[in-house]
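This report describes the pockets of a protein and its contacts with DNA. The sequence and structure are shown first.

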Amino acid sequence: MKIATWNVNSLRVRLPQVLDWLASVQPDVLAMQETKLTDDAFPVDDIRAAGYFSVYSGQKTYNGVAVFSKTPAEHVQTDPPNLDDPQRRILAVTAGPLRVINLYVPNGSEVGSDKYAYKLGWLSKIRDFIACEMEAHRHTVVLGDFNIAPDDRDVHDPVAWREKILCSTPEREAFRALAGLGLSDLFRRFEQPEGSFSWWDYRAAGFRRNQGLRIDHILASPQLAEHCTACTIDKAPRKLERPSDHAPVVAEFDGF
DNA sequence: ATGGTCGGTAACCGA
């Protein structure tokens, strides 16, 4: 079984790339962020023709999350009871044997800003929601654009990014609090190349110079993590014309 | 050289 996350930065623009990628990689589940589509504009038929069912939670202009799966998703949850938030950033679904929690964590803009406070508050509430989900489901995967680089090795220039947004200590502590629930960062269960990133700024030729951050993650509950056989970042779509600024992250499992 | 580029949407905001 293969599970993936990808911040597509507009599904309208990226749909051809996403369809090509699905055809070649054939994940069982793909969690997407920043679809930037209202639900009435969602390309359900194109996705179905590619062999996938869709669930989605969209809004105008910003945010928007979706999950594609080879079997129909059930028990869809977009609004955790403890989180009163009009922004469409969460999509929890059951897909086959898995509880899948797709997150688009707020960016936070700048350390100390209102958006930063919103990000930290959101992360705190979402932690409680995930804890409840994990109690109810043995095989839970929490994945998406976390907008947090957990460690200095996830940052191309840790000195320049020190205590900056995406790298600040409170953000990293919020990420580690998820590990405290028993969730494991699947990427770090395997040996990885140095300079492994999942996002590169469009500006200043960030991708060409590999000036990136690893901010897209796949976390798994203990019972699921032990079945993980690989976790990789697929840089191929980032090399295409008109790419998303994020690359997909893919985890593979045996015994499912 | 303290900027740069995208996407959405229609002059800028958010990332």
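A polar contact is a pair of N or O atoms within 3.5 Å; within protein, one must be able to donate a hydrogen and the other to accept it, and residues adjacent in sequence count only if both atoms are side-chain atoms. The model is predicted: local features need pLDDT of at least 70, side-chain atom pairs count only at pLDDT 80 or more, and totals for chains, interfaces and linings use all residues. Side-chain values use heavy atoms, without hydrogens and water.

Side-chain N or O atoms of three residues lie at these distances from a phosphate oxygen of DNA strand B.

| Residue | Distance to phosphate oxygen |
|---|---|
| Arg-14 | 3.1 Å |
| Thr-61 | 3.2 Å |
| Arg-242 | 3.2 Å |

Around DNA strand B there are 16 residues, of which Ser-10, Arg-14, Thr-61, Arg-203 and Arg-242 come nearest; a residue is near a strand if one of its heavy atoms lies within 4 Å of it. Sugar or phosphate accounts for 70% of the strand's atoms within 4 Å of the protein, and bases for the rest.

The largest pocket holds about 700 Å³ of space. A pocket is an open set of points on a 1 Å grid over the protein atoms alone, where a 1.4 Å probe fits, with protein on both sides within 12 Å along at least five of seven lines; lining residues have an atom within 4 Å of a point. Its volume is the space filled by probe spheres set on the points, which are joined across faces, edges and corners. Of its 29 lining residues, Tyr-104, Asn-107, Gly-108, Ser-109 and Asn-147 are closest to the centre.

Notes:
Residues are numbered from 1 along each chain as its sequence is written. Chains are lettered from A and ligands numbered from 1 in the order in which they are written.
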